[in-house]
Amino acid sequence: METSDVIEAWDDFILFADEKGLVSETYGTRLAYLPDMAGKREPFWNVLTLSTSSLKETLDRFPPLQIHEISCGEARSFLLRIIPLSAATAEYGGYIVIATDNRPMEALYENYEERLEDNISAWSDSITLFNAFFDTVLDATFLIDEAGGIIAANSAAQEKLARPEQSLAGEDCTRLLGKRFHPAIRNAMHTLRAKELWTENVVAIDGDGEGFPAEATLRKIDFADYALFQLILHDLTSHEELKEDLQEKQAEVREKEIALRQVIKSSVEDRKEMREQLTSQVRKQMLPALERITTSDTPEVREGYKTVIEDQLVDLAGESPGEFDSDLLRLSPREMEVCQLIQLGRSGKEIAQLLNMSFETVQTHRKNIRKKLGLRGRKASLFTYLRQKPSLA
């Protein structure tokens with residue numbers, strides 16, 4: 001309420017009376033709800049309807065230099081002040097009587113009272129709405145004063161960072177974080193501007209004094225004469241656990257890839273060694289026999305050398321003649337590597353990655369292998385076919 005509003009609300013009716021109380025002059029506007037009378041040479045108590053019959057009774061009932069509220073009925077009233085005049089002011093003395101209509105003041109008061117009630121109601125509704133929102137936030141949330149004291153903490157904060165039946169209100173906000181983060185949050189509170197955010201990954205301290213990873217977000221809220229801070233602690237425990245699980249899975253995959261590459265490398269080396277041995281035996285044993293067959297004119301001799309060559313091939317295969325699969329000898333070294341991986345159950349994409357070739361190249365090898373093994377046009381699966389064969393590794 002402005003001072004000018006109060007001053008303008010006052011409406012004074014001033015009566016000048018002699019030593020007997022008779023009105024000699026008036027000033028201001030007569031109060032509308034007082035009786036209509038001449039006003040001069042009338043006792044001021046009659047003019048103001050004070051319900052008294054003499055000057056003495058009036059002064060006894062309404063002592064001078066005091067303020068009295070006079071009711072006029074119909075919820076109307078005015079304020080009465082009687083001021084005696086000294087001999088220095090008036091030769092024979094007298095009185096100044098002031099009647100102040102307080103109805104405008106009452107109306108002004110009622111108006112401001114209504115506005116105040118509206119503001120209080122709106123403020124109360126705002127607080128209710130804020131509290132409802134404050135307590136439904138899933139993250140631990142705090143209101144902190146400029147000194148770092150916790151003013152309020154929501155339900156999530158109480159549950160996560162306080163012991164049972166313990167209130168966080170009144171404690172220092174640094175109690176929520178590990179010691180090495182205390183300087184950081186203190187510095188943020190001193191340097192942060194309104195509407196700015198300070199965010200940092202910290203170690204928060206729960207009600208049992210145990211630390212857990214969290215993301216801290218600090219926001220400054222400026223008011224007219226002070227400021228508050230909103231602190232949110234987002235628990236990162238689940239996030240860190242998922243991150244660790246992912247790292248473990250990645251490590252397992254890398255180990256398996258290394259093991260598989262080692263198996264393939266060993267298989268390739270074994271095949272190379274076997275090929276060298278086979279080449280050596282062919283040169284030493286079978287080629288001379290083939291040369292004799294071509295130079296001999298006797299069928300029996302040629303048949304004997306043919307049997308020798310067959311025996312040598314069976315020995316090289318390491319199987320009986322009925323189990324030896326001659327079709328596999330038609331495959332190229334690269335096609336044999338593809339067959340090895342198919343037999344191990346690897347997909348086309350995995351084979352492409354392990355053999356450092358494109359997926360389309362793998363598919364081409366598969367088509368050629370099916371053709372050489374007599375599977376082209378048949379519904380038989382290459383994987384099923386190879387699984388029935390001895391290990392190619």
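Is Glu 337 buried or exposed? Glu 337 is buried, with a relative accessible area of 15%. That residue gets its own close-up below, alongside four others from this predicted model.

**View 1. Glu 337 and Arg 334 meet in a salt bridge.** Here the two side chains come together with an N to O distance of 2.8 Å. Both residues sit in helix H9 (residues 333-343), and because they are 3 residues apart, about one helical turn separates them. The partners are not equally covered: Glu 337 has a relative accessible area of 15%, so it falls under the 20% limit for buried, whereas Arg 334, at 35%, counts as partly exposed.

**View 2. Glu 335 forms a salt bridge with Lys 372.** We stay with helix H9, but this time the partner comes from helix H11 (residues 359-372). The pair links distant parts of the chain, 37 residues apart, and its closest N and O atoms are 2.9 Å from each other. Glu 335 is buried, at just 5% relative accessibility. Lys 372 is partly exposed, with a value of 25%.

**View 3. Asp 18 pairs up with Arg 41 in another of the structure's 8 salt bridges.** The closest N and O atoms are 3.6 Å apart in this one. Asp 18 belongs to the loop between strand E1 (11-17) and strand E2 (23-28), while Arg 41 belongs to the loop between E2 and H2, so the pair ties together parts that are 23 residues apart in sequence. Asp 18 is the buried end, at 16% relative accessibility; Arg 41 is exposed, at 51%.

**View 4. Thr 52 is tucked into a loop between two helices, with a polar contact to Thr 58.** The loop in question runs between helix H2 (44-47) and helix H3 (55-61). With 9% relative accessibility, Thr 52 counts as buried. The side chains of Thr 52 and Thr 58 are joined by a polar contact of 2.6 Å. Look beyond the neighbours within four places in sequence, and Thr 52 is in contact with Trp 45, Asn 46, Glu 57, Thr 58, Arg 61 and Phe 62.

**View 5. Strands E4 and E5 pair in the antiparallel sense.** Strand E4 (residues 76-85) and its partner line up over 8 bridges. At one spot to look for, Leu 85 stands opposite Gly 94 in E5. Strand E5 (residues 94-101) is mostly covered, with 7 of its 8 residues buried. As a reminder when following the side chains, those of a regular strand alternate between the two faces of the sheet.

How values were computed
Residues numbered from 1 in each chain as written. Predicted model: local features only at pLDDT ≥ 70, side-chain atom pairs only at ≥ 80, totals over all residues. Heavy atoms only, no water. Buried < 20%, exposed > 50% of the residue type's maximum accessible area, 1.4 Å probe, protein only. Helix = DSSP H or I, 4+ residues; strand = E, 2+ residues; numbered from the N terminus. Pairing = 2+ DSSP bridges. Polar contact = N/O pair within 3.5 Å; in protein donor to acceptor, adjacent residues only side chain to side chain. Contact = heavy atoms within 4.5 Å. Salt bridge = Lys/Arg side-chain N within 4 Å of Asp/Glu carboxyl O.
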